[in-house]
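Let's take a walk through this structure together, with the ligand as our guide. Have the sequence and the 3D view open side by side as you read.

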Amino acid sequence: MNKVAIVYYSATGNTEMMANAVADGVRNAGGSADVIDCTSFSASDISNYDAFAFGCPAMGAEQLEEGSFEPMFSSVETLLNGKKVGLFGSYGWGVGEWMELWSERVINDGANLINQGVIANYAPDAEANEACNKLGAELAS
Ligand SMILES: Cc1cc2nc3c(=O)[nH]c(=O)nc-3n(C[C@H](O)[C@H](O)[C@H](O)COP(=O)(O)O)c2cc1C
């Protein structure tokens, strides 16, 4: 069973709720999960994990959060080549374009992206929580 890093940014708690739902899915499937604020994760942590979930809301204009998440992600993304990766995040008034762009980016990094990205409109509803649980279960095995 895999050791999974769940690395997220969240300003108002919506993406954080999703991170915890991904962790529940990992643990219920028998894996181990560390839920990590993006400011506490760096390239040297990559080798400690078998699989990764990254969570960031839509910010800017359909962008990743630029202050802390984007710098962290830029510094680790080349190391994701060949790794099992899932993406998730909350959005507001858009249609999820930031997640499409992010998914393409991660595929171009050579990662084994295991889904299209789980998105939730503001706070995750039951369906989004279930999708996060499922993502966690997929990362755990
Ligand atoms: C500065 C800023 C920029 C945002 N830009 C977008 C955007 O481009 N598209 C969108 O759908 N939502 C956008 N939102 C809404 C957030 O994605 C939404 O509130 C989300 O639930 C925040 O997640 P969090 O609670 O994890 O911080 C933006 C919010 C802020 C504060």
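How far is an oxygen atom of the ligand from a polar backbone atom of T15? In this predicted model, the separation is 2.8 Å. The backbone of T15 has company here: a backbone N or O atom of A11 lies 2.7 Å from a ligand oxygen atom, and a backbone N or O atom of A58 also lies 2.7 Å from an oxygen atom of the ligand. With the protein around it, the ligand has 80% of its accessible area covered, out of the 650 Å² that it has on its own.

Now step back and look at the shell around the ligand. It is made up of 18 residues, and the closest are S10, A11, T12, A58 and S90. By class, you will find eight nonpolar residues, nine polar ones and one charged residue in this shell.

Next, turn to the space itself. The ligand occupies the largest pocket. Two elements each give two or more residues to the shell around the ligand: helix α1, spanning 14-28, and strand β4, spanning 84-91.

The largest pocket has a volume of about 300 Å³. It is lined by 17 residues, and those closest to its centre are P57, A58, M59, S90 and G92. Here too, α1 and β4 are the elements that give two or more residues to the lining. Sorted by class, the lining of the largest pocket has eight nonpolar, eight polar and one charged residues.

Note on methods: Residues are numbered from 1 along each chain as its sequence is written. This is a predicted model: local features need pLDDT of at least 70, side-chain atom pairs count only at pLDDT 80 or more; totals for chains, interfaces and linings use all residues. Side-chain values use heavy atoms; hydrogens and water are left out. A residue is near a molecule or strand if one of its heavy atoms lies within 4 Å of it. A polar contact is a pair of N or O atoms within 3.5 Å; within protein, one must be able to donate a hydrogen and the other to accept it, and residues adjacent in sequence count only if both atoms are side-chain atoms. Accessible areas come from the Shrake-Rupley method with a 1.4 Å probe; for residues, only the protein chains shown count as cover. On a 1 Å grid over the protein atoms alone, a cavity is a set of points where a 1.4 Å probe fits but cannot get out, and a pocket is an open set with protein on both sides within 12 Å along at least five of seven lines; lining residues have an atom within 4 Å of a point. A molecule sits in a cavity or pocket if more than half of its atoms lie within 2 Å of its grid points. Helices (H or I, at least four residues) and strands (E, at least two) are DSSP runs, numbered from the N terminus. Ala, Val, Leu, Ile, Met, Phe, Trp, Tyr, Cys and Pro count as nonpolar, Asp, Glu, Lys and Arg as charged, and the others, Gly among them, as polar. Grid points are joined across faces, edges and corners, and a volume is the space filled by probe spheres set on the points.
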